[in-house]
Amino acid sequence: MSVLDRSPFLYFLCILAGFALLRVELTGFLAPLSPLVLLIGVIAVLLFSLVLIIQGVLCLVKRR
């Protein structure tokens, strides 16, 4: 299995991690970091979703 075969799975796991960051509730002294964690989660989901879409399109273009 090459690195290219594993990378889509890695990107999918990064998307799941982004969703996990969206669901986490920070309490106590970490509560002020809540907007930052939310922003990082949104960026992670959007970024890695976009990368997966681009890889899929490139894969389709190569096969034609």
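1. Let me start in the middle of things, with Gly41. Leaving aside residues up to four places away in sequence, this glycine touches Gly18, Leu21 and Leu22. Gly41 itself sits in helix H2, which covers residues 34-63. At 0% relative accessibility, it counts as buried. Keep in mind while looking at these contacts that the model is predicted.

2. Gly41 isn't the end of the story for buried positions in H2: Val37, Ala44 and Val45 are buried there too. Across the whole protein chain, 11% of the 64 residues count as buried.

3. The overall fold is quick to describe: two helices and zero strands. H1 runs over 3-23, and a loop lies between H1 and H2. H2 has 30 residues, and from its first C-alpha to its last it reaches 44 Å. That is close to the 44 Å you'd expect at 1.5 Å a residue.

4. Now the outside. The chain's accessible surface comes to about 5,300 Å², and carbon and sulfur atoms account for 76% of that.

5. Which residues make the nonpolar surface patch? They are Leu21, Val24, Phe29, Leu30, Leu33, Leu36, Leu39, Ile40, Ile43 and Leu47, and the patch is about 910 Å². H2 gives the most to it, with five residues. Leu21 is worth a second look: this leucine is part of the patch and is also one of the residues that Gly41 touches.

6. A word on Leu33, another patch member. Leu33 is found in the loop between H1 and H2. Is this leucine buried, partly exposed or exposed? Its relative accessible area is 41%, so it counts as partly exposed, a class that lies between the 20% and 50% cut-offs.

7. On to the cysteines. Cys14 is partly exposed, with a relative accessible area of 22%. Cys59 is also partly exposed, at 34%. How many disulfides does the structure hold? Zero. As a reminder, a disulfide is a covalent bond between the sulfur atoms of two cysteines.

8. One last distance, tying Cys14 back to where I began. The C-alpha atoms of Gly41 and Cys14 are separated by 9.7 Å, although the two residues are 27 residues apart along the chain. The accessibility classes differ here: Gly41 is buried at 0%, whereas Cys14 is partly exposed at 22%.

Conventions:
Residues numbered from 1 in each chain as written. Predicted model: local features only at pLDDT ≥ 70, side-chain atom pairs only at ≥ 80, totals over all residues. Heavy atoms only, no water. Disulfide = S-S within 2.5 Å. Buried < 20%, exposed > 50% of the residue type's maximum accessible area, 1.4 Å probe, protein only. Helix = DSSP H or I, 4+ residues; strand = E, 2+ residues; numbered from the N terminus. Contact = heavy atoms within 4.5 Å. Patch = residues over 30% accessible without salt bridge, like charges linked within 9 Å, V, L, I, M, F, W, Y side chains within 5 Å. Areas by Shrake-Rupley, 256 points an atom, 1.4 Å probe, with all protein chains shown as cover. Salt bridge = Lys/Arg side-chain N within 4 Å of Asp/Glu carboxyl O. Expected span 1.5 Å × (residues − 1).
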